[in-house]
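Please look over the sequence and the model below before reading the report that goes with them.

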Amino acid sequence: MVTSRRYLIASSLARLIRKERGGNRVTEGHFPNQADRSSFVVVEGDKGSLVLLHSGPNGPLEERTEVPRAHAEALLDVTPGKLDYLLTHLTVGTRDIQIVRFVTPGPLDLISVPFESEEEARDFRPLSWFGSDVTTEVAYQNRSIALEGAPQAPDVPMSNAALNSLLDTLENRYSAPRGYTPHAPARTGAEAGTGQRNAPPAPAQGAERTAQPQRGVLSRPAATADADLGDDEAGDDNDLNLNIEDNVIRELARSLRPQRR
């Protein structure tokens, strides 16, 4: 049984991740609950799926059936609750981490971590750039967001340690929290489908971050991240009151971008 945990994330860090790794646009349409089951339709790229959730002896069970995209879009038109989000994948240690940027019905950034069992979910130790755990809060689940609207998430504090931890992740310098042993087997970048570069050797414990940034880190364009979001994301600077951390992130990204000669 696949389960997941969800965390808040500072919008500045989420934007930095999207700039570095891009993402895929996903649309979901949710139907009203029916007795002990619920259903929704998903469109991602050229694929469509119809998903049925119902109660099982050990918890919720999911049945997913692929349908032609045209049929999925027709079902979207009759669903009372819709949401659009950009899904970005990161590999943290040996585990896939999903950064979810909701655009419709309202802006919201979350981290979603899937697990194969409840035991794995309990043993997981979030990194310092993760915000509060909102797994048990119904308002942060996709179905609630689609039918009730996005919740007003609190500001997530951002520290120097959190930023350094995220940069280590983007540079494939992941260090597991003390006492944490991941259950999932290690995967190479090719196996995970991430297209990431080979990870450089991890720095010795206690060693300071090198003052000279690696060439190429944070320098790739994020055409999919901004282009897929369209006017909703492009208008963030005008529609949202960005806090000071956003300016810090943008300046950091500019300073780390290799200079053209």
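The following report moves from the whole chain to its core and then to one residue.

This is a predicted model, in which local features need pLDDT of at least 70 and side-chain atom pairs count only at pLDDT 80 or more, while totals for chains, interfaces and linings use all residues. Residues are numbered from 1 along each chain as its sequence is written, and side-chain values use heavy atoms, with hydrogens and water left out.

The protein chain contains nine helices and eight strands, which are DSSP runs numbered from the N terminus (helices: H or I, at least four residues; strands: E, at least two). Of its 261 residues, 40% are buried, where buried means under 20% relative accessible area with a 1.4 Å probe, protein chains only.

The largest nonpolar core, a set of buried Ala, Val, Leu, Ile, Met, Phe, Trp, Tyr and Cys residues joined through side-chain atoms within 4.5 Å, has 41 residues, and Ile111 and Trp129 are among those with the most contacts inside it. Elements that give two or more residues to this core include those in the table.

| Element | Residues |
|---|---|
| strand 1 | 3–8 |
| helix 1 | 11–21 |
| strand 7 | 95–104 |
| strand 8 | 108–115 |

Not counting residues up to four places away in sequence, Ile111 touches ten-odd partners including Tyr7, Ile99 and Trp129, a contact being heavy atoms within 4.5 Å.Ser165 has its place in helix 5 (residues 160–170). Is Ser165 buried or exposed, and why? Ser165 counts as buried because its relative accessibility is 15%. Leaving aside neighbours within four places in sequence, Ser165 is in contact with Leu127, Ser128 and Trp129.

Terms used
Buried < 20%, exposed > 50% of the residue type's maximum accessible area, 1.4 Å probe, protein only.
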